[in-house]
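Q: Please take a close look at a single part of this structure and explain in one connected account how that part is placed among its surroundings. I am new to the structure, so please explain each term when it comes up.

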Amino acid sequence: MRYGKRILINSSNVNFEELKQGDFLEIVDYDPLKKVLLAMGAKEPNVETPTHWLIHHARDEVNAIIQINDVELIKKFENKFTTTEKDYPAGTLEQIKEILKSLRNSKKVIIKNQGFLLVGNNIKEIEDTTM
């Protein structure tokens with residue numbers, strides 16, 4: 001979730017059924033060339049943090065992102081969502097470029113062999129356009 005120039009994101013290895021305040025990080029800045037991330041919080045950021053940071057900063061209308069990494073769920077949505085063309089390791093600049101390219105035409109993107117990503121102005125918009 002974006003607020004100002006910063007984003008809030010869940011940390012790595014979180015159980016979403018038992019989510020606590022301490023499971024979130026505030027991402028203050030990210031330099032993709034140096035791969036330096038400035039985060040505030042007690043836990044480690046998840047591997048998708050660079051992806052979410054760059055989407056938020058490339059697309060002004062995106063204030064919320066939901067990403068679900070489940071290869072089985074991809075099968076349910078593969079004919080409904082745009083799919084990235086190539087398979088890259090999670091959080092790499094190559095993968096982020098593929099995702100941003102796919103987001104030009106859709107707010108719902110399957111990340112090849114990983115999961116899917118939904119974007120919107122807020123969580124309610126994502127829910128309304130997905131359900």
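A: A residue is called buried when its relative accessible area is under 20%, exposed when that area is over 50%, and partly exposed in between (1.4 Å probe, protein chains only). The model is a predicted one, in which local features need pLDDT of at least 70 and side-chain atom pairs count only at pLDDT 80 or more, while totals for chains, interfaces and linings use all residues. Residues are numbered from 1 along each chain as its sequence is written, and side-chain values use heavy atoms, with hydrogens and water left out.

As an example of the exposed class, Lys35 has a relative accessibility of 68% and therefore counts as exposed; Lys35 is found in the loop between β3 and β4, where strands (E, at least two residues) and helices (H or I, at least four) are DSSP runs numbered from the N terminus. The phi of Lys35 is near 55°, a positive value in a residue other than glycine. Most residues other than glycine have a negative phi.

The part to look at closely is strand β8, which covers residues 115–120 and is mostly covered, with 6 of its 6 residues buried. Gly115, Leu117 and Val119 point one way from the strand, while Phe116, Leu118 and Gly120 point the other way, and all of them are buried.

Strand β8 has pairing partners, two strands being counted as paired if DSSP finds at least two bridges between them. Strand β5 (residues 64–68) pairs with β8 in the antiparallel sense over 5 bridges, and Ala64 has Gly120 of β8 as its bridge partner. Strand β7 (residues 108–111) also pairs with β8 in the antiparallel sense, here over 4 bridges. In this pairing the bridge partner of Ile110 is Phe116, and Lys108 stands opposite Leu118. Strands β7 and β8 form a hairpin with 3 residues between the strands, and in that hairpin Asn113 takes a positive phi near 60°.

These pairings belong to an open sheet of 4 strands, whose order is β5-β8-β7-β6 and whose pairing is mixed. Strands β5 and β6 (82–83) stand at its edges, each with a single partner strand, so one side of each is left without a neighbour in the sheet. In general, strands of a sheet pair through backbone hydrogen bonds, either parallel or antiparallel.

A helix also meets this sheet: α3 (residues 93–102) lies across β6, β7 and β8 and runs at about 150° to β7, an angle taken from 0 to 180 degrees between N-to-C directions, with axes fitted to C-alpha atoms (for helices, over the stretch in contact). Within α3, Gln95, Ile96, Glu98, Ile99 and Ser102 are buried. Seen down the helix axis, the buried residues of α3 fall within an arc of 160°, so they line one face of the helix; the arc is that of the directions from the helix axis to the C-beta atoms. What covers these buried residues includes α1, β6, β7 and β8.

Strand β8 also contributes to a nonpolar core, meaning a set of buried Ala, Val, Leu, Ile, Met, Phe, Trp, Tyr and Cys residues joined through side-chain atoms within 4.5 Å. The largest such core has 9 residues, namely Ile55, Val62, Ile65, Ile99, Leu103, Val109, Ile111, Leu117 and Val119. The elements that give two or more residues to this core are β7 and β8. Val119 touches Ile55, Val62, Ala64, Ile65, Leu103, Lys107 and Ile126, not counting residues up to four places away in sequence, and contact here means heavy atoms within 4.5 Å. A second, separate core of 8 residues includes Ile9, Leu25, Ile27 and Leu54.

Ile9 of that second core brings in another residue, since Asn46 touches Ile9, Asn10, Ser11 and Ser12, again leaving out residues up to four places away in sequence. Asn46 lies in the loop between β4 (36–40) and α1 (49–58), and because its relative accessibility is 11%, Asn46 counts as buried. The side chain of Asn46 reaches the backbone oxygen of Asn10 at 2.9 Å, and a polar atom of that side chain lies 2.9 Å from the backbone nitrogen of Glu48.

Terms used
A polar contact is a pair of N or O atoms within 3.5 Å; within protein, one must be able to donate a hydrogen and the other to accept it, and residues adjacent in sequence count only if both atoms are side-chain atoms.
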